[in-house]
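Q: I have a structure open and would like to learn how to read it. Could you walk me through it, one feature at a time?

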Amino acid sequence: MSTLLQVEALGRTFGGIKAVSNLSFSVTKGQILGLIGPNGAGKTTVVNLVSGAMTPSSGRILFAGEDVTRLPPHKRARKGLVRTFQSTAVYSNQTVRENAYRGAFLKLYPGFVAALVRTPTARRMEGEAAELVQQLLEWLDLEDVADITAGSLPYGFQKTLGIVIALAAEPQLILLDEPVAGLSAEETDHVRDTVLRVRERGVSVVVIDHNMRFISGLCDSVVVIAHGQELAQGKPQEVLRNQAVIEAYLGTGYAAAHAH
Amino acid sequence: MFTSAILAQVILNGVCLSAIYVLVALGFTLLFGIMKIVNFAHGAFAMLGGYALYYLYAEFRLPYPAAILLASVGVAACALVLEPLVFRWFYQKMFQSMIGLLGLNMAIVFTGVIVFDVYERSIPPVFSGVVRLGPLIAPTDRLLIVGIAAAVLAAFWAFMTRTRYGLAMRAAAQDVETAETQGIDTRVIYLLALFISIFMAALAGGIYAQTYALSPFMGDRPLMVAFIVVILGGMGSIPGAALGGILFGFAESFLSTFYGSAVSSFVSFGVVIALLIVRPWGLLGTPE
Amino acid sequence: MTASIMRKMDIPVPKVALSSATGEGRGGWRLSALLVLAVFLVGWPLLLPNPFFLTVGTLIALNAIGAASLHLIIRTGHISLAHAAFVGVGAYACVLSVMTLGLPYWVGLLMGAGASGSLALIIGPIVLRLTGKYFVLVTFLLGEIIRMVFVEWVPVTGGSNGIFGIPTAHPIVSTPHGQYYFVLAIAALCIGLCACILSSQIGRAMDAMREAEQVAECAGVPVIRLKVTIFVLACGLAGVQGGLLAHFLRYIDPTAFGWVESLNLVVMNVIGGMFHLAGPLIGTVFLVAFPEFLRGYVELQRVIFGISIIVVMAALPGGMVEIGARTRDIIAGARGRKR
């Protein structure tokens, strides 16, 4: 069981406010980790730090043994670390297929000059990427809508498309940023199934959300944060019974009333 | 070189320039903040204000206060006439407005060339005397201009902070959609904003024409400065436009008097560039 | 979420498809259109050897280089108001190489492109980190600073008098026909380069960056590096236009490279269509030819031109390429209904 992602004492301060402090967790190959916390807990900041959209004020991030703390997002993608987005997650004016192609940039792009001149290598890469896109679309049953404009699809579709874009980069680990926000119960279950299938492909997943039920029904391990700090870590069942976690989510009154 | 007399001149000059720039910048930022249009015809309306003042004051010999007021109101009324024809097509469409209003600028300026001819004119001064205030020898004319500009700006400030419509406009300048949901009638606000904005531009044009000279192409420079000042202050920010206008006016007065206009431009532009690289949302704007 | 699940839930699966930005499947139509265009561009001076028309044609070809190269920058999501300044840098660099250093014309052109490209390489990494309107303003100011350098650096640039008596590129190209074909050939190469970039995977990455920069970056697109590369290339091409322009007009006027001229290049793009290479080309023809052919008083010409800009922008917010897209949709709709 090798460690794929290691976050050590991660911290980020915004002009005096500690959005995240002293956060540590790790993800092993093939694991699904949940990062959960109430709104304002700092989850978005954590995603941005791990994906490279922001640099931490303190701490380290190790991916596949390498220190990626100061690496920009496109270089982390090269190493196999990608993410989805909560809003503006897809290219709304493009077809589903084109969206997938754009996600497959790493597989498609042989370098500036080679792409311009369309060397044999470039052409080969285009062929391989076409295969990958086709395979992905079939695997996630999006063949029928492949030529539909992404923006005209229902919201649930677009969320799945976001995951397709991430998968097209052939990653080792995907950060899912609030993948079920705004979805119905049925759509949420479908996302859950998709994530499990993603794991079957050998891709690790970190799911960030505030929906306790969704996270505990999906993840092997859960990290709960509030006010930028870790409240608890461990298996979903253990964490759910944790006093501090209950307080953070449901208030001290509920916690006191249900304490046992 | 830095005698008190010259310094006093520089300050007075700075006040004049600032007045012109603030008037133009406020109108420009109002149009951007509320309707999201980049009014590249703003300078053209200033130019019209200059010519209107010329005709009303120098040709028809109306008393000065009436002339300048009527001139500005007249030009603003023209803008209202143009509203359904031109402006209305570009509300909330930034790029289209830039180009479309550039077309309007071209149309107005060259109509001006046809009607007024290319040669520069000047507007005769209202008062020919000077006033002594300590070390300062100020042409009475200049003081009059500053006084009028100050009065208009004070009225603007009062309108924006004390009246219902003023507050509605400030709300719309921040966020037009939210303002709409609060029940503010955007049609009225847009027309009001356009009127006030062009009124101030025309007034600035009149002042500019009195201070410098009048020609159909005179609007280019105020437009350029408005553009810079508004982005310097933060697009859509009313206090930002005022602050930017004052800073720019004084900087230009000071630098061009002591170091020449080339250095003045170099330095001001360089400073604005540096500021934007470090703080792109301007002095008083909000980071997105 | 999949189509089959949608059907189970009785959600209608949308049927509207959009022709993709990369224009797959329209290759045959495009090639024949290009061929017709090429024949026209080469052939008309032989049928209509009017020196005035040839001058207009040459000017259109020259400006097309600037408009098309600016188009590359716009496709990455930035609008530059300094592009005419880069044309000027190229013009001065080329002319000074030829007249002061005595270098051959081709080297001069390369120096022109190199000078503009180098300047772009210096300011690009800093300035391209700015978004939207801030980039517009900074390039606007930089363009003005560069123009002021042209006017103030008298020992090198000749100051506000500019440079006169520039020789033509080569004795062969000193006739109106020669000039036209020479400029046309180089313009075709430059615009061809732009077309190759845009239709390759580079173009796909550029569009991705422009439409959703963060999503693209997380897919591995090296955003800043690519923006700078395109910016340097585009400004280099602007430098080529400058070198060609100087030897065509045979003088350099330093005030011809200011924000007004840069804005003209932007107008060519916006009015023609910002997101397709045909846009700036159509826009260039419109902006350069239209005023020339409005016979009558010069000022009235400009007034009518200004009004027509208003009308075009109001009616076709996406630019004139919309005419092409809309007619295509109408035809497709008519065909669809026939079945």
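Q: How many bridges join strand S4 of chain A to S5(A)?
A: The general idea is that strands of a sheet pair through backbone hydrogen bonds, either parallel or antiparallel. In this predicted model, strand S4 (residues 58-63) of chain A is joined to S5(A) by two bridges, and the two strands run antiparallel.

Q: Which residue is the bridge partner of Leu62(A) in S5(A)?
A: That partner is Asp67(A).

Q: What is the order of the strands in the open sheet of chain A?
A: Reading across the sheet, the order is S2-S1-S4-S5, four strands with antiparallel pairing. To find the edges, look for strands that pair on one side only: here they are strand S2 (17-28) and strand S5 (66-67) of chain A.

Q: How many helices and strands are there in chain A?
A: Chain A has ten strands and eleven helices.

Q: What radius of gyration does chain A have, and what would a compact globule have?
A: A compact globule of 260 residues would have a radius of gyration near 18 Å, and chain A agrees with that because its value is 19 Å. For another view, the C-alpha trace of chain A spans about 65 × 40 × 35 Å along its principal axes. Of the 260 residues in chain A, 48% are buried. You can also ask how far apart in sequence the contacting residues lie: among contacts in chain A with a separation of 6 or more, 66% come from residues 24 or more positions apart.

Q: What are the helix and strand counts of chain C?
A: Chain C has zero strands and 15 helices. Buried residues account for 47% of its 339 residues. Among the contacts in chain C between residues at least 6 apart in sequence, 77% join residues at least 24 apart.

Q: How does the span of helix H13 of chain C sit with what is expected at 1.5 Å a residue?
A: The idea is to set the distance between the end C-alpha atoms beside the expected span. Helix H13 (residues 278-293) of chain C has 16 residues and reaches 22 Å, close to the 22 Å expected. Several residues of H13(C) are buried, including Leu281(C), Ile282(C), Phe286(C) and Leu287(C).

Q: What span should H1(B) have at 1.5 Å a residue?
A: The 32 residues of H1(B) should span 46 Å, and the end C-alpha atoms are 45 Å apart, so the two values agree. Just after H1(B) comes Lys36(B), which has a positive phi, near 55 degrees.

Q: Is Cys16(B) buried or exposed?
A: To decide, count neighbours: 20 or more other C-beta atoms within 10 Å make a residue buried. Cys16(B) counts as buried because it has 21 C-beta neighbours inside 10 Å. This residue is found in helix H1 (residues 4-35) of chain B. Leaving out residues up to four places away in sequence, Cys16(B) touches Arg142(B), Ile145(B), Val146(B) and Thr211(B). By contrast, Leu101(B) is 85 residues from Cys16(B) in sequence and 28 Å from it in space, C-alpha to C-alpha.

Q: Which chains share the most contacts?
A: Two pairs of chains are in contact, and chains A and C share the most contacts. There, 35 residues of chain C meet 47 residues of chain A. On the chain C side, H9(C) gives the largest share, six residues. Sorted by class, that side has 24 nonpolar, eight polar and three charged residues.

Q: How many residues do chain B and chain C bring to their contact?
A: Chain B brings 27 residues and chain C brings 28. H4(B) gives the largest share of the chain B side, 13 residues. By class, the chain B side has 21 nonpolar, five polar and one charged residues. Chain A and chain B do not touch, with their nearest C-alpha atoms 14 Å apart.

Q: Which elements of chain C have the lowest and the highest mean pLDDT?
A: The general rule is that where pLDDT is low, the predicted coordinates should not be read in detail. Among the elements of chain C, H1(C) has the lowest mean, 55, and H11(C) the highest, 96. Over residues 15-25 of chain C the pLDDT is below 50. Chain C averages 86, with 89% of the residues scoring at least 70. For the model, the scores are ipTM 0.91 and pTM 0.87.

Note on methods. Residues are numbered from 1 along each chain as its sequence is written. Chains are lettered from A and ligands numbered from 1 in the order in which they are written. This is a predicted model: local features need pLDDT of at least 70, side-chain atom pairs count only at pLDDT 80 or more; totals for chains, interfaces and linings use all residues. Two residues are in contact if their C-beta atoms, placed from the backbone, lie within 7 Å. Ala, Val, Leu, Ile, Met, Phe, Trp, Tyr, Cys and Pro count as nonpolar, Asp, Glu, Lys and Arg as charged, and the others, Gly among them, as polar. The radius of gyration is taken over C-alpha atoms; the globule rule is 2.2 Å times the number of residues to the power 0.38. A residue is buried if 20 or more other C-beta atoms lie within 10 Å of its own, exposed if 12 or fewer, and partly exposed in between; C-beta atoms are placed from the backbone. pLDDT is the predictor's confidence in each residue, from 0 to 100. The expected span of a helix is 1.5 Å times one less than its number of residues. Two strands pair if DSSP finds at least two bridges between them.
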